[in-house]
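Subject: The structure, and what turned up in it

Hi,

Here is the structure I promised to pass on. Have a look at it first, and then read my notes underneath.

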Amino acid sequence: MSKTAEQEIREYFEEWFRDAAAKDLDAVMTKIADDAVSYEHDAPLVYTGAPAIRESCRQGFDVMRGRLRWDIPDLHVMVRDDIAVSWGLNRMRAQEPGGEPVEIWSRGTRVFQRIDGEWKMIHQHVSYPVDSETGRAATDLRPDR
């Protein structure tokens, strides 16, 4: 039985989660289109093209010397022809050597295109909610479950 496009995208994410936990930058980048655009949490906010996105990922992996895991517990996927869109709350869990575990949630929307028979991320937008009183990122919020 052949997989549905939604199943392919969900498997894509599972691989992406494993590759990121292993800090395997080359494997992570196999999922990114050459001309992808990523709106990130930090400056410069917009990363255009795979080399810029790779550098952003590398910096993130370098900052986190300990364990790192991320997932999207409420992952939603919608596919139309050769375009797929996903959205959900990103859960990032990390622990520095000898440190306490940290859990941070953010929002994420990603767009994929089937290119040469493979799904590639062509756009992502990740953001933190903002504390309306301080104007600062609210990284301590948790979803109601």
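Two strands are said to pair if DSSP finds at least two bridges between them. Please keep in mind throughout that this is a predicted model.

With that in hand, the strand pairing is a good place to start. Strands β6 and β7 run antiparallel and are joined by nine bridges. Together β6 and β7 make a hairpin, with two residues between them. In the turn of that hairpin sits Asp-116, with a positive phi of about 50°. One bridge to look for links Gln-113 to its partner in β7, Lys-120. Strand β7 also pairs with β1, this time in parallel, through four bridges. Here Tyr-39 has His-125 in β7 as its bridge partner.

Next, the nonpolar core. The largest one holds 29 residues, and the members that touch the most others are Phe-13, Trp-16, Phe-112 and Trp-119. At least two residues of this core come from each of α1 (5-21), α2 (25-29), β1 (32-39), α3 (50-63), β3 (67-71), β4 (76-80), β5 (83-95) and β7 (118-127). Helix α1 gives the largest share, seven residues.

Now for the pockets. The largest pocket contains about 890 Å³ of space. Its lining is made up of 29 residues, and those nearest its centre are Glu-40, His-41, Gly-60, Leu-68 and Met-92. Sorted by class, this lining has 18 nonpolar, seven polar and four charged residues. Elements that each supply at least two residues of the lining are α1, α3, β3, β5, β6 (102-115) and β7. Helix α3 supplies the largest share, seven residues.

The second largest pocket has about 170 Å³ of space. Its lining consists of Glu-8, Glu-11, Tyr-12, Glu-15, Thr-30, Lys-31, Glu-118, Trp-119 and Lys-120. By class, that comes to two nonpolar, one polar and six charged residues. Both α1 and β7 supply at least two residues of this lining, and the largest share, four residues, is from α1.

One residue of that second lining deserves a closer look: Lys-31. You will find Lys-31 in the loop between α2 and β1. Is Lys-31 buried or exposed? Lys-31 counts as buried because its relative accessible area is 7%, and buried means under 20%. Setting aside neighbours within four places in sequence, the residues in contact with Lys-31 are Tyr-12, Glu-15, Trp-16, Asp-19, Trp-119, Lys-120 and Met-121. Among these, Trp-16 and Trp-119 were named above for the core, while Tyr-12, Glu-15, Trp-119 and Lys-120 also line the second largest pocket.

Finally, a glycine to find on your screen. Gly-88 is in strand β5. Gly-88 is buried too, with a relative accessible area of 10%. Leaving out residues up to four places away in sequence, Gly-88 touches Ile-72, Asp-74, Ser-106, Arg-107 and Gly-108. For a sense of scale, the C-alpha atoms of Gly-88 and Glu-14 are separated by 14 Å, and these two residues are 74 residues apart along the chain.

If you would like a place to begin, try the hairpin of β6 and β7, and then turn to Lys-31 and its contacts.

Enjoy exploring, and best wishes

Terms used: Residues are numbered from 1 along each chain as its sequence is written. This is a predicted model: local features need pLDDT of at least 70, side-chain atom pairs count only at pLDDT 80 or more; totals for chains, interfaces and linings use all residues. Side-chain values use heavy atoms; hydrogens and water are left out. A nonpolar core is a set of buried Ala, Val, Leu, Ile, Met, Phe, Trp, Tyr and Cys residues joined through side-chain atoms within 4.5 Å. Buried means under 20% relative accessible area, exposed over 50%, partly exposed in between (1.4 Å probe, protein chains only). Contact means heavy atoms within 4.5 Å. On a 1 Å grid over the protein atoms alone, a cavity is a set of points where a 1.4 Å probe fits but cannot get out, and a pocket is an open set with protein on both sides within 12 Å along at least five of seven lines; lining residues have an atom within 4 Å of a point. Grid points are joined across faces, edges and corners, and a volume is the space filled by probe spheres set on the points. Ala, Val, Leu, Ile, Met, Phe, Trp, Tyr, Cys and Pro count as nonpolar, Asp, Glu, Lys and Arg as charged, and the others, Gly among them, as polar.
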